[in-house]
Every structure is written in C-alpha cells, then in structure tokens.
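Please take a moment to look over the sequence and the model before reading on. The paragraphs that follow begin with the chain as a whole and then turn to pairs of elements and to single residues.

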Amino acid sequence: MAMRAWTWVIVRSSAAAVVRLPLVVLTPLDDRALWLVLLAVGSPALTGWIGGAALLRHPPRRVSRHAVDARTFRFAVTNWLGLVATIGPAFAIPVLVATQLENEIHASFSIAWSIALLVFQVPHLTASVFISESSRPGTHERNTMIALSTGLGVTCAATAVAFMGADVIPHLYGADFEEAAEVLPVMMAATIGWAVTCTNLAVCRVREDNARTVVIGALFGILTMALATAGVIVGDAKGAGTGWLVANVAVAAVSTFIVVGSTSPAPAPAAARA
C-alpha cells in the first residue's frame, strides 16, 4: 500500500530529473543563467502542476475535522515540518549555485545534481514503506534493518557506479562538462549518509518522537545549506558538492547518536495513519 502511494512521488521526481538532463546543454534564451535557473525550479514546478490537475480529476477522500485528534495533528505537523527541512535544500542549492557561479560551472553542477537526485529518492521510498509497515506489532526492528540495508545497498552501488563511470559525462555532453564528472561521485557519496539519516527520521516518526524528528530535520536543512553555501564561496561546483557530502555525513552521524540514545517506545497508531 505504501509503495503504491509513493509511486507518483518517485515518478514525478524522476521525470523532472530525466527531462532536465538533456536541456542543460541548450540555450533557448539570451540569458543562459536565467535558463539554468528555470530548469532548476521549473521542471519540478511543472510536474507539480500536472499532479495538481490529476488530483482535481480524482480528489482524495475528505476526512472530517472531528476525526483528527490532537495527537494525529501534532504528528502530521511535525512530519510536514521535517519534510520541508529535508527536501528544501534539494531545491534551494541549485538556485544558489545558479545565482552565484558562472553559467558553465552551474551547467556541470546541474548535470551531476540531477543524476544524484534520482538516487536520493530511494531512501525516501524505503523510509516511507518502513513507517507504514512498522505499525504492526513486532515488526519494528526487522523493518528498521530492511529499510537501512535497502537504502545503503542502493546508494553504495550507485556511488560505486558513479566513481567508475562518471567519465562518460564529458563524452555525452562535451568537454565543457568535465567538472560534472568530477563532482558526481562526491554528490553520489552523499546519498549514503542520507540513507542513514532518512532511516533515523523514520524511526523517530514511528516512535512519534516529535522533538527528535524536528531536531534532525532542522539540523539537516541548516547544515546542508550552510556547508553548500561555503562550498559555493570557494567558486566551483566541486566545492558545493563537497559541502553537501560533509553535511550529509555529519547529520547521519548525529542523527544516529540521537536515535540510539533515545529510549522512546516503538510503533504507535498515528504512524500508520500518516
């Protein structure tokens, strides 16, 4: 059930990234910087409008406000804030790079970012399935290991492929995109840390540990933006990618410490309703 519910999210994000890849090398506008910014924010927005139109044709079942108790409301708001904090940098960092670095550097960054973002979706999916399935008694520990091993397995494999095959990018896009081949393995390695963080967030959500959910989400948003900005100041795409990697590794370590140190009981009904 959770897998079907998240199919549209994965398809939407993947479609936006795949469509954006070949368009980076084009310059239909006189201002190339404006074109790259439009690509960074326009393709997700377009798929969002398409999804909105689809929802209008098939509206979700309305829930009475009397059916939502305070506990469920707190759970939903906490998870919404955590989600905004964790996915916000994925949209903000490309815009930051587009406005602060040269067009050629941003073009290389966009290629690498779009590819890495596809893999970035996998831990989201496994964590969401984990949240749904862990509402069943006695499944928490097993599902934690399944979610973590799946996320780590996919991200480690993708990172290995990126390190071995990143040189293909200049052959496909031209010599101007050699920097994309250098930064892609760095960005892909960051997905390994994200797989750990995503699983830790899911554990907190299943436990209905609202405080730790907010802390981890806020830490991710602040640290990734701060270090990526510091990397941009260095003046190249690899600096931004390195900042992104360091932030993801740091948040993975801190979130693991936070979750391991937690004594909150597992699986509560609200997690199943979210």
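Reading from the N terminus, the elements of the chain follow one another as α-α-α-α-α-α-α-α-α-α. In other words, the secondary structure of this predicted model amounts to 10 helices and zero strands. The chain has 274 residues, and 45% of them are buried. Its exposed surface comes to about 13800 Å², of which 69% is supplied by carbon and sulfur atoms. If we consider the contacts in the chain with a separation of 6 or more, 79% of them are between residues 24 or more positions apart.

With that overview in mind, we can ask how particular helices lie against one another, and helix H8, which covers residues 210–234, is a convenient place to start. How is H8 oriented with respect to helix H9, residues 237–260? The two pack at an angle of about 160°, and their axes are 7 Å apart. Since an angle over 145 degrees counts as roughly antiparallel, H8 is therefore roughly antiparallel to H9. As H8 passes H9, the crossing is right-handed. The residues that form the contact of H8 with H9 comprise 17 nonpolar, six polar and one charged.

H8 also meets helix H7, which spans residues 178–206. Here the axes come within 9 Å and cross at roughly 155°, so that H7 and H8 are likewise described as roughly antiparallel to each other. The crossing of H7 and H8 is left-handed. On the H7 side the contact is made by Trp194, Thr197, Leu201, Cys204 and Arg205, while H8 contributes Arg212, Thr213, Ile216, Gly217 and Phe220. Sorted by character, the residues of the contact of H7 with H8 are five nonpolar, three polar and two charged.

A further partner of H8 is helix H3, made of residues 70–100. Are H3 and H8 roughly parallel or roughly antiparallel? Their axes come within 8 Å and cross at roughly 5°, and because an angle under 35 degrees counts as roughly parallel, H3 is roughly parallel to H8. Among the H3 residues that make this contact are Arg74, Phe75, Thr78 and Gly82, and those of H8 include Asn210, Thr213, Val214 and Gly217. The residues of the contact of H3 with H8 divide into 13 nonpolar, 10 polar and one charged.

We can now look at single residues, beginning with Thr197, which lies in helix H7 and was named above as part of the contact with H8. Is Thr197 buried or exposed? Its relative accessibility is 0%, and Thr197 therefore counts as buried, given that buried means under 20%. Apart from its neighbours within four places in sequence, Thr197 is in contact with Ile216, Asn248, Val251, Ala252 and Ser255. The C-alpha atom of Thr197 is also separated by 7.4 Å from that of Thr256, although the two residues are 59 residues apart along the chain.

Another residue of helix H7 is Ala181, which is buried, with a relative accessible area of 9%. When residues up to four places away in sequence are not counted, Ala181 touches Ala166, Asp167, Ile169 and Pro170. Ala181 and Ala112 are 69 residues apart in sequence, yet the distance from C-alpha to C-alpha is 7.4 Å.

In helix H9 we find Val259, a buried residue with a relative accessible area of 9%. Which residues is Val259 in contact with, leaving aside its neighbours within four places in sequence? They are Asn200, Val203, Cys204, Arg207 and Ile216. The C-alpha atoms of Val259 and Arg212 are separated by 7.9 Å, while along the chain these residues are 47 residues apart.

For a contrast in accessibility, consider Val122, whose place is in helix H4, residues 103–133. With a relative accessibility of 23%, Val122 counts as partly exposed. Val122 and Val154 are 32 residues apart in sequence, and in space they are 7.5 Å apart from C-alpha to C-alpha.

Conventions: Residues are numbered from 1 along each chain as its sequence is written. This is a predicted model: local features need pLDDT of at least 70, side-chain atom pairs count only at pLDDT 80 or more; totals for chains, interfaces and linings use all residues. Side-chain values use heavy atoms; hydrogens and water are left out. Axes are lines fitted to C-alpha atoms, for helices over the stretch in contact, and angles run from 0 to 180 degrees between N-to-C directions. Helices (H or I, at least four residues) and strands (E, at least two) are DSSP runs, numbered from the N terminus. Angles under 35 degrees count as roughly parallel, over 145 as roughly antiparallel, 65 to 115 as roughly perpendicular and the rest as oblique. A crossing is left-handed if the near helix is turned anticlockwise from the far one by less than a right angle, and right-handed if clockwise. Ala, Val, Leu, Ile, Met, Phe, Trp, Tyr, Cys and Pro count as nonpolar, Asp, Glu, Lys and Arg as charged, and the others, Gly among them, as polar. Buried means under 20% relative accessible area, exposed over 50%, partly exposed in between (1.4 Å probe, protein chains only). Contact means heavy atoms within 4.5 Å. Accessible areas come from the Shrake-Rupley method with a 1.4 Å probe; for residues, only the protein chains shown count as cover.
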